[in-house]
Amino acid sequence: MSLSLTIKLHLASSSSSHLTLNTHHHHAKKVTTFETCCYNAKIRPKPIYSTNPLIIPACRVRPRVQCGAMVKSSLIDPDGGALVDLVVPESVRGAKIIEAETLPKVQLTRIDLEWVHVVGEGWASPLRGFMREDEYLQSLHFNSLRVKDGSFVNMSLPIVLAIDDETKGRIGSSSHVALLGPDGDFVAILRSVEIYKHNKEERIARTWGSTAPGLPYVEEVITRAGNWLIGGDLEVLKPIKYNDGLDDYRLSPKQLREEFDKREADAVFAFQLRNPVHNGHALLMNDTRKRLLEMGYKNPILLLHPLGGFTKVDDVPLDVRMEQHSKVLEDGVLDPETTIVAIFPSPMHYAGPTEVQWHAKARINAGANFYIVGRDPAGMGHPTEKRDLYDPDHGKKVLSMAPGLEKLNILPFRVAAYDTKVNKMAFFDPTRAKDFLFISGTKMRAFARSGENPPEGFMCPSGWNVLVKYYESLQAEEPSEQPVLST
């Protein structure tokens, strides 16, 4: 089956007039008027779906000008005041590669490469490389970094590179090292390196608040990592590409900001997800836009931003999710004219209230000034007990208080569930709780595996068919994957 992704960037036909907004509505103040609401380690050699390139149309909208200066639609400055871009110019790329060949080599894993991608494009601005020890300790203990002017930016997850004893020995006293991708190609140079101890237990306990066995990122990355961390300034030798048919959807923060300006957005609201979009998600996103319009914004733009890095093995793979998202837009569940779909390249930690700060902070750097947060963001079930790993309400509470996120407007929403009275997703009404069905991700996957349809109105039919075909393909593969018995 071929994938006809029709998630395209459309130019909005909004008015060219500029609206002066009250400070209650944007910039530094929080909006409080809204009420609450493993790695896919099994790599399939040939994806079930293939993709067409994302077509970014040439800008046909003249920039809005007020008092002789261009009006920036993204409304929010990147952390540190300037967006980091660590990819070296093409004109010096050859010389840098020649230099890299002479340096000690550090082999990157696939997930290490994802972090090079994240840092190199500026998602973690103002961070300019893998953390040295002082940055690591600030992140681990304070969830923030102090910048040169004395202010703080949020940085809740350590972004670090682990090496083993043998690699440490090869590096010796060298000030710079070359980073090799999983395929052996030169990816980056790490400058002015610092090597320090990797206390895994402390890192795990402080990041996850638990050392229970079975935490996906811990099992995949940290347990098998080396006992040393190496930090330094990155020079990325060329743009990171995965050659999976989805590279054109991996828009950098700079590209997203340019697109928001092309569309003359006067508000950008981001929605992070790692699951297929059902009509409850769409209800939240459409209701957000409605409320922003009621507040006086003229052209709010939705950044639908699925996570594209490491995910645990039972999550729906990225290519399938992107196909499903395309059907949601094709069917008009979300409006393509006011929606940008792009892939967020970060790996997933499943670290709950700690990680959701990272998800919000990264969207500041992409130009979003509103961030939607729902129930149990970045959470998961406890790996050894039958309960949530985190309190489902703590993510949104933490975001409203987190240092360095003061300029971002946090939008918590009411819980959406399936209303059996009207046969569609609706905001939960506790006065008639018996009329609502809560369809969890686990239940949704069970429906898809069995071929059973969910209640009408839960998800657009074409999007649901994408999931059913994916799970059918897994069942077809299962017989050939049975272990071979031997004496």
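Before the views begin, one term is needed: a residue is called buried when its relative accessible area is under 20%. The model shown here is predicted.

**View 1. Strand β12 is covered on both of its faces.**
Let us start inside the five-stranded sheet. Pro-300, Leu-302, Leu-304 and Pro-306 lie on one side of β12, with Ile-301, Leu-303 and His-305 on the other, and every one of them is buried. Put as a count, seven of the seven residues of β12 are buried. The chain arrives here from β11 by way of α8, in a β-α-β crossover that is right-handed.

**View 2. Five parallel strands make an open sheet.**
Stepping back, you can follow the strands in the order β13-β12-β11-β14-β15. At the edges are β13 (339-341) and β15 (409-412), each of which has a pairing partner on one side only. From one strand to the next, the twist averages 25°. What holds such strands side by side? Strands of a sheet pair through backbone hydrogen bonds.

**View 3. Strand β12 pairs with β11 and with β13.**
Towards β11 (residues 267-273), strand β12 (residues 300-306) is joined by seven bridges, and the two run parallel. A handy place to look is Ala-270, which stands opposite Leu-303 of β12. Towards β13, three bridges do the joining, again with parallel strands. Here Leu-302 faces Thr-339 of β13 as its opposite residue. To get from β12 to β13 the chain passes through α9, and this β-α-β crossover is right-handed.

**View 4. Strand β14 sits between β11 and β15 in the sheet order.**
Two bridges link β14 to β11, and these strands run parallel. Look for Phe-269 opposite Phe-370 in β14. Four bridges connect β14 with β15, also in the parallel sense, and Tyr-371 stands opposite Ile-410 of β15. Which way do the residues of β14 (residues 370-373) point? Phe-370 and Ile-372 point one way, while Tyr-371 and Val-373 point the other way, and all of these are buried. Together with helix α11 (residues 394-401), β14 and β15 make a right-handed β-α-β unit.

**View 5. Helix α7 lies across three strands of the sheet.**
Residues 253-262 form α7, which lies across β11, β12 and β13 and runs at about 155° to β12. Its buried residues are Pro-253, Leu-256, Arg-257, Glu-259, Phe-260 and Lys-262. What covers them? The cover includes α2 (110-121) and α10 (352-365), along with β11, β12 and β13.

**View 6. Glu-264 and Asn-299 meet through a backbone oxygen and a side chain.**
Just after α7, Glu-264 takes a positive phi of about 55°. The backbone oxygen of Glu-264 is 3.3 Å from a polar atom of the Asn-299 side chain. Asn-299 itself belongs to the loop between α8 (279-294) and β12. Why does Asn-299 count as buried? Its relative accessibility is 4%, and the cut-off for buried is under 20%.

**View 7. Three antiparallel strands form another open sheet.**
Here the order is β17-β16-β18. The edge strands, β17 (424-427) and β18 (436-437), each pair on one side only. Helix α8 packs on this sheet, touching β16 and β17, and its direction makes about 50° with that of β17. Between β16 (residues 416-419) and β18 there are two bridges in the antiparallel sense. Tyr-418 is the residue to find opposite Leu-437 of β18.

**View 8. Helix α13 spans 25 Å from its first C-alpha to its last.**
This helix takes in residues 461-477, 17 residues in total, and its reach is close to the 24 Å expected at 1.5 Å a residue. Which residues of α13 are buried? They are Gly-463, Trp-464, Val-466, Leu-467, Val-468, Tyr-470, Tyr-471, Ser-473 and Leu-474. A rule of thumb helps when reading such a list: an α-helix has 3.6 residues a turn, so residues three or four places apart point the same way. Among the elements that cover the buried residues of α13 are α9 (318-330) and α12 (441-450).

Conventions. Residues are numbered from 1 along each chain as its sequence is written. This is a predicted model: local features need pLDDT of at least 70, side-chain atom pairs count only at pLDDT 80 or more; totals for chains, interfaces and linings use all residues. Side-chain values use heavy atoms; hydrogens and water are left out. Two strands pair if DSSP finds at least two bridges between them. Axes are lines fitted to C-alpha atoms, for helices over the stretch in contact, and angles run from 0 to 180 degrees between N-to-C directions. Contact means heavy atoms within 4.5 Å. Buried means under 20% relative accessible area, exposed over 50%, partly exposed in between (1.4 Å probe, protein chains only). A crossover is right-handed if, with the strands pointing away from the viewer, the path from the first strand over the helix to the second runs clockwise. A polar contact is a pair of N or O atoms within 3.5 Å; within protein, one must be able to donate a hydrogen and the other to accept it, and residues adjacent in sequence count only if both atoms are side-chain atoms. The expected span of a helix is 1.5 Å times one less than its number of residues.
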